[in-house]
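User: Please walk me through this structure in short questions and answers. Keep the criteria explicit.

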Amino acid sequence: MHLGLGAFHRAHQAWYTQLANDVAQPGEGWGIHSFTGRSPALADALTAQDCRYTLIERASEGDSGQIIESIVRASDGGDGIRWCEAVADPAVGVLTLTVTEAGYCRGADGGLDWALPAVQADLEFLLAPSSEGSRDAAASAHVGADGALSRAAQARDSAAIEHEAASSKRDSATTAPGRIVDGLRARRAAGSGGLAVVSCDNLNGNGAVTRQVVLEFAARLDPALADWIDATVSFVSTMVDRITPATTPLDQQTAFELTGLADAVPVVTEPFSEWILSGAFPAGRPNWGSVGARFVTDIEPYEQRKLWLLNAGHSLLAYRGLLLGHATIAEAMNDASCREALEALWAEAREIVPFDAETVDTALAALRSRFTNARIEHRLEQIARDGALKLPIRVADVIRRRIAAGLPPGSAECGVIASWALFTDVADARSGAPAPSVAEAVLATIAPDLTAHHDVLAQVTQHVSSWQSALASH
Ligand SMILES: NC(=O)c1ccc[n+]([C@@H]2O[C@H](COP(=O)([O-])OP(=O)(O)OC[C@H]3O[C@@H](n4cnc5c(N)ncnc54)[C@H](O)[C@@H]3O)[C@@H](O)[C@H]2O)c1
Ligand SMILES: O=P(O)(O)OC[C@@H](O)[C@@H](O)[C@H](O)[C@H](O)CO
């Protein structure tokens with residue numbers, strides 16, 4: 001199963017599963033039941049074409065197309081009954097996630113943010129007796145195979161609909177932690193045993209993060225459920241990499257030219273891909289290792305390499321590039337000032353990236369070529385979203401590590417924080433508010449612990465001031 005059916009899931013996890021199926025023995029392949037996160041639109045569009053879609057691999061030299069068939073069912077994540085039936089199905093061994101950084105609903109301390117209204121609303125919804133009743137019925141109906149759907153529908157017609165009418169008409173939890181806990185409650189009731197929850201979002205320690213928010217949510221709902229999850233469910237950490245921009249209408253035409261099949265929802269991605277995983281799979285998994293995925297004991301160095309070189313580089317190009325009037329990564333890479341700032345950022349990051357010089361050189365050479373692939377139109381606006389959640393991981397962590405290693409904080413890293421302040425207009429930065437107070441305000445948002453660090457504050461102030469002068473003279 002998957003939660004967060006979008007472009008990346010289809011270019012990465014579904015593609016690896018397709019490749020693994022292609023080399024599996026007959027009868028040993030896996031199918032994915034994929035759920036959207038927020039809107040049913042993509043599930044509907046995929047269902048209308050039997051869940052098959054075209055993956056367009058876009059190299060700088062040209063495109064190639066492949067039909068992907070590993071997604072066998074696509075559903076609306078807002079269909080709580082279907083969701084719980086699926087999680088409770090003993091045939092399901094893996095639940096992958098791509099729900100974005102914001103989807104984990106974390107607060108400043110890294111744990112679940114109970115101040116978020118959606119988290120509170122999910123708890124209230126799942127505490128309602130009718131919600132549990134309907135989901136247990138759905139789960140046992142599923143295990144009983146014959147007539148499963150009609151029994152689930154009956155349960156929904158009675159308990160769940162009664163609850164909906166009485167409350168907010170919702171049919172499911174809406175947050176990822178709420179949905180996962182809802183599904184696991186049904187799985188426990190069905191006696192289906194453990195499974196692996198596999199986060200594929202750009203967070204470090206994404207397995208541990210998922211585990212924490214899920215257990216915190218479950219403990220408030222039902223401490224015995226939290227104990228069961230803790231003992232039974234595994235939370236796998238992954239480093240995922242494949243640049244996958246949002247698809248444009250022109251890509252439909254390209255898909256048709258490549259395959260001869262009409263596809264309303266193709267996906268475009270780069271040729272490069274990487275998947276590193278760490279953790280247990282109590283209920284089995286596709287043989288992703290046979291097609292290039294790697295399983296390691298310690299994933300942290302791989303996450304750091306990717307987040308501090310690729311993702312931090314993307315954020316630098318996004319904010320600097322947008323402030324300078326660029327629209328895509330490749331356009332920003334054509335701007336000498338962006339290139340120079342990027343190389344400075346990489347020079348700072350490589351001093352603490354835990355790999356030997358040759359490995360880092362290879363990674364950086366690949367990134368230069370990947371970022372300059374002008375045929376991949378990766379919009380800076382897409383990358384710029386949710387900076388307050390991304391920069392602490394991609395940039396502030398590097399500054400902290402550098403300081404801990406006795407190095408200066410890193411001017412280029414501080415420059416990314418300053419450009420984000422101008423981009424989002426923290427503390428009226430663009431109206432010319434004093435640079436030191438803008439620097440204090442942006443650090444208080446991104447990395448409160450660094451506000452007291454004199455060198456960091458000075459560097460961010462200096463960058464804010466230069467941006468203010470540059471933008472004023474335009
Ligand atoms: N696109 C890439 O290049 C790439 C590469 C590596 C990792 N990722 C990870 O995958 C995530 C999704 O990227 P994408 O390109 O598939 O985006 P997308 O917009 O195509 O799909 C995002 C999916 O996540 C769901 N979603 C969004 N916000 C959510 C929330 N708050 N709670 C639950 N679900 C939510 C959406 O409904 C959708 O199903 C990224 O945020 C990142 O963490 C993306
Ligand atoms: O997906 P996000 O929003 O976390 O970050 C935007 C990009 O930096 C990211 O999607 C990269 O393209 C990706 O991480 C490459 O593997």
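The turns below cover the domains, the ligands, one helix and one loop.

Analyst: This is a predicted model, where local features need pLDDT of at least 70, side-chain atom pairs count only at pLDDT 80 or more, and totals for chains, interfaces and linings use all residues. Residues are numbered from 1 along each chain as its sequence is written, and chains are lettered from A and ligands numbered from 1 in the order in which they are written.

User: How many Å separate the centres of domain 1 and domain 2?

Analyst: The chain is divided into domain 1 (2–295) and domain 2 (300–472). Those bounds come from an automatic or database domain assignment. The contact takes 16 residues from domain 1 and 21 residues from domain 2, where contact means C-beta atoms, placed from the backbone, within 7 Å. Taken over C-alpha atoms, the centres are separated by 31 Å.

User: Where does ligand 2 lie with respect to the domains?

Analyst: The residues surrounding ligand 2 include Glu101, Asp241, Arg242 and His314; a residue is near if its C-beta atom, placed from the backbone, lies within 6 Å. Helix 12 (residues 300–323) gives the most to this shell, with 3 residues. Helices are DSSP runs (H or I, at least four residues), numbered from the N terminus. Domain 1 and domain 2 both give residues to the shell, so ligand 2 lies between them.

User: Which helix gives the largest share of the shell around ligand 1?

Analyst: Of the 21 residues around ligand 1, Gly6, Phe8, Gly37, Gly103 and Asp201 come nearest. The largest share, 3 residues, comes from helix 1 (residues 7–11).

User: Which helices do the buried residues of helix 19 pack against?

Analyst: Buried means 20 or more other C-beta atoms within 10 Å of a residue's own, exposed 12 or fewer, partly exposed in between, with C-beta atoms placed from the backbone. In helix 19, Ala435, Val438, Ala439, Val442, Leu443, Thr445 and Ile446 are buried. They cover an arc of only 155° around the axis (directions from the helix axis to the C-beta atoms), which puts them on the same side of helix 19. They pack against helix 17 (387–404), helix 18 (411–424) and helix 20 (454–472).

User: Is Asp425 buried or exposed?

Analyst: Asp425 sits in the loop between helix 18 and helix 19. Its phi is near 60°, a positive value in a residue other than glycine. Asp425 has 12 C-beta neighbours inside 10 Å, so the residue counts as exposed.

Conventions: Helices (H or I, at least four residues) and strands (E, at least two) are DSSP runs, numbered from the N terminus. Two residues are in contact if their C-beta atoms, placed from the backbone, lie within 7 Å.
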